[in-house]
Amino acid sequence: MAQFKQWALEYVLADDEPMQLELTKKAAKEIEDSRASSTVVGNWAASVHQWMTLANSNDDDQMEDGDEGGSGDIISRAKALGFLAGTLDVLDKAILRPDQVQRLIGFFGAMFSYDHKAGITASAKALRQLYSMKNFRPEMGIKVLEDVCRLKEDFRLQTAVTRLEIYELLLSLIQDPAVSSELQHKHGSSCGFAVDLLQLCSSERDPRNLLIWFKIIRRLLTEFSPSPEVTEEIFKAFSAYFPISLRSSATPIGITAEDLKEAVRNCFSSQQRVAPFAFPFLMQKLDQGDAITVAVKVDILRTIKACIEEYENPQVSVVPYIEKIWGSLKYEVRNGEVKETIDATLEVLRAIARKLDGSKTHKQDVALLRNYIDLVFGDCKDDLSNPTYTKQAGLLLMTVVTANIRGYMLYNASFIDIIRQNLRQPKSPTHTRDLLLLVNSILKTRIELFNNRKDGHPDDKDQLRAETGTHLVSLFHDVYLPLWTGKASGPDSEETDVLKQVALGVGLLVSQQALDAEGEVSLLCSGAICVDICTLLTITLVKPLTLSSNDNQSQDATLEDDVVLALRRIVMNYTDGYGWILMTARKQIRKRDWAGPSKYSLEALKVLLSRLAFIGCSEIPAKIKSDTEPDHPYSPLRHYYEWLWSLVALFPLSPQSATVNSYILSSLHASVIWFRDACEAKYGASALTLYSKSEKSWLKEFEQLPGDFISQLEGRSILPDQVASSFNEDDPEVYRQFLRLSFFVVRGLYKSATGEAPWSEQALVQLAQTAALVVQSLDAKLQVSCNLAQEAFTLFKTSKDKTCSSPLSGLLTVGILQGLHPSAMTELYQPRGVAEKFICDTSELGSSPRSSDIKAAVGAIYSNKYQAGPTTSEEYQTLKRVLEFWTNLIKDSVASSNIDSASIRSFTNVAMHTTSGAVARQEKLVLDLIPILHEAAASPSPNGEIVARSMGTLVQPNSEVLNKESHANTKRFYKQWAYNFLVRPLYDLARPGSDKDPKTAARYSIVILSVAKNCPFTVYQDDLESLLRLLVTALSNKKDDSILSEGAAQAQVVAALEILVDILSNEPAALKGFLKEIISGTTKVYQESAPSNKTLHKTLTTCRKLSLQVLGALPKTFEERFLLPFSRPTQRMLALACGDPVRTVREAARSARGNWAKID
């Protein structure tokens, strides 16, 4: 006894929660060790007796008299009871006997009768713990409820935290099935305890407490059977809060207004016995009109919808109120203007139709749904003839008719018939458009209903199987075709809108599916109608190709776009349609003379080819049976195959026109992208990891095919029908076969490519890009088995093929190399191999400017995709030899007087890009080459300047060939790594006024700026002070006194300005000490960059624009006092700049002038 008293006293005196927890654990252990003997439990309960002996009636008197001791006694008594509650919390839940639980419930329950100021919170916690005891009995729950309800009016005087404890206790009891059963048995339909709870909690306002109170109310309605009178009282209790809102609070509570709305909504929809009170109440609220806000109206509509969806037995709970609901809601759509309200209203109407239809397992009496739709039909059908209300009436009818398959089957024919009658005598083109929109919506919704048929009742399938569909099929000849032929000749804007709806409609019509007697899916329309529709739309698709630029000015491009979308929808369902479209397009293309096409014809061809690629290759076609026998069995790759064959058949269109032929190859590239994206969307990018592990060489398979490339493609020997039809649209094997087919076409075009017409540079570039796209998708093992590393240089050619003699053939080499995995390039690092010879061959560098770029790209890929190995290996030594060759060549060429600047630029381009590939993967070999590059850049000859300007390439590799998709090896911090070794040692040597020769210092400055401008700010952040001095020097150098050439000086200025813009975006405070120099320097740069030199026109324009951007950013960054001395001259200069001949420069000037105008 003394021990418990001591622990209780220490608990009351302690303010430290961990200490209090420790004391309750000691008390619980003592009880558990005694196996809950009556003596020990009694001593534990009596340990707080000293705080319970105060005359309860004196507490109030003490408080009223302002006695501080009374307040202290209340707090102490609360803490004492907390000691008991805390002990119960940690006590073994199975240790107390039923009689002990009963006595403790009586003790703590008594607190609710007389100890309203101290013991309520702790007592509620204790009762919750006692409820969780193993020996808690259901009848004890009734006792707890009765004790809690004795609080009566004092309940609302408790703190929100105390009330929360009580609510959680009540919710636990109400949710307990055993306690609920006991309550139902004792009180029956009178639910006396519920009435007591309503009286107790009716004034609650705390959001947290309300959420629990609403859960209790919902439980009262769903788990008990209150009489109508009690149900009405419960309804009044929660409906008094509707519509509910939440005041903003400075202290976040984690509860939103939407949480409260949802909780109240759950009360309304809890049980159908609430329906006689809920619907009249909600409709009365809704009919207040403008007196309620949009948010409240939406809340009401969502609540009505919830009630409809949740109530059982709709004939009793919903049907009696349908007329009233419809009478109010129809005007929300008919005369409504707010989208949120209209959408919520339609959801209610749709919910009624679905409720009256039934569920997946049980169908309601069809008369319920029929009567409801008849009600809507009767009020809306006449409005379809009134252009003012056509759209609204159609929306209402659409909502109820297409809410489910049964409603659709009952009324879609009559609905369409009414629309058809109005289309015969439309009031205006807009009226026609709105009516067509309704027809199209019916067709679109039918597709959704058909696709979801498996999720519904079995009767739904039977109804779809019994549908004739003739009223839908006849839409083409009765509605769509007459409208198209009547308005397609010379449509105005309104008639064009009609034609767009026709295009959309025929696309939806062809997409309609039907179930035959065996349950197999087939197209609803006949093959003949599908062909007619394809023909109709294809004429519009190819029409721009048959017109001149003057003829086509009246054509609406958006109509053509809608035709394209319609054709894509058609061919994805009617697979024979794509071949028909391609045949028509090929005929129209071949009719024209492409020897000297106009600009308009070229653009028309380009657009047509891109649209054809999109129509057939942007999705994987579905397998749907048609009434006509197809030319070839279904294959997911059929459209793609037909498109490839069409392109190969068209190429070349003209030996004289390089652009025309490049467009064909460009559309090939686009189709590969479209179909690859479609495969990834359907199967996922990981699908290839399962299907691309074969080491069998595709090239060997191709070589064994009979005939040449054209005959192999035309005869389908590359993908025979029996193979193409062996996998369905859901099989990821489609992805692999797509790549195999694409690779076959790329190989065939590579073999036929020559340096002569029609293989222009444009055509070679497009083919190379396509090859890169295909190769990068192949598995590394497959790349090795196909020997693609070597084929990149042989271009798949054999002794029978004509070689590609053009120096531009390297473009095709780049296309393959950039897609290879590093592990597939291993053999290219063999000593004196084909790759080393190609990269180190300088004989053709001067023949074409593109030769240098090609070799640079090959070098960058070669040095980047080397797989790290021992430094003694032959592969490593080969790579080292290549890098050293180009570095030493630069060094020797700079020092030589016999090499012209053009050759130096070519050499430098290759050398820097080749080295940049190694830099990107932080190859340590590069560190030995940096001193050589520094020496070459510092050379006093003019060529040293060229090297210095190109050093920035080392940290800016060619992203077209070195990127993640192409399996490039790019380390995350390679720019930081390169900067540390390449730039940081040069700051002292480049510093103005250093001991170095001014020309050498200037060259080093160029190196620093060219590298820094290609690095993120964080890379050079630590060197800002040294870098800023170089920037200021670059901006302030006099044009006539510069020791650099004009081109180098301007390039240095551009780099300096770009870096300044970067600093202003990241750490502008660093510029505060250089404001005078920056303002004067940028002003000078603008004034000296007048557009006089045609050679440097682009660079000078960039200088002017960047200088104005820097000036314009200063007023937004620095306080007025720092800029005031420079305001007037700067504003005068900016006023003149507003008249710059280049638009983008003028825009920058106006922006800067506006910012400086605020500096007074």
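This section describes aromatic pairs, charges over rings and the surroundings of one aspartate in a predicted model.

The structure contains 40 aromatic pairs. One of them joins Phe702 and Phe744 in an edge-to-face arrangement. Their ring centres are 5.2 Å apart, and the planes meet at 75°. This pair connects distant parts of the chain. Phe702 belongs to helix α36 (residues 698–703), whereas Phe744 belongs to helix α39 (residues 733–752). The two residues are 42 residues apart. Phe702 has a relative accessible area of 1%, so it counts as buried. Phe744 is also buried, at 0% relative accessibility. A second edge-to-face pair is formed by Phe1017 and Tyr1020. Here the centre-to-centre distance is 5.6 Å and the angle between the planes is 80°. Both residues lie in helix α53 (residues 1017–1020). They are three residues apart, about one turn of the helix. Phe1017 and Tyr1020 are both buried.

Phe702 and Phe744 also take part in an aromatic cluster. Its other members are Trp698, Phe709, Phe743, Tyr750 and Phe796.

Charged side chains lie over aromatic faces as well. Lys855 is placed over the face of Phe838, 4.3 Å from the ring centre. Arg334 lies over the face of Tyr389, at 3.8 Å from the ring centre.

Arg334 and Tyr389 are both in contact with Asp383. Beyond its neighbours within four places in sequence, Asp383 also contacts Thr390 and Ala393. Asp383 sits in the loop between α21 (366–380) and α22 (390–401). Its relative accessible area is 13%, and Asp383 is therefore buried.

Methods:
Residues numbered from 1 in each chain as written. Predicted model: local features only at pLDDT ≥ 70, side-chain atom pairs only at ≥ 80, totals over all residues. Heavy atoms only, no water. Helix = DSSP H or I, 4+ residues; strand = E, 2+ residues; numbered from the N terminus. Buried < 20%, exposed > 50% of the residue type's maximum accessible area, 1.4 Å probe, protein only. Contact = heavy atoms within 4.5 Å. Phe/Tyr/Trp six-rings, centres within 6.5 Å; stacked < 30°, edge-to-face > 60°. Lys NZ or Arg CZ within 6 Å of the ring centre and 35° of its normal.
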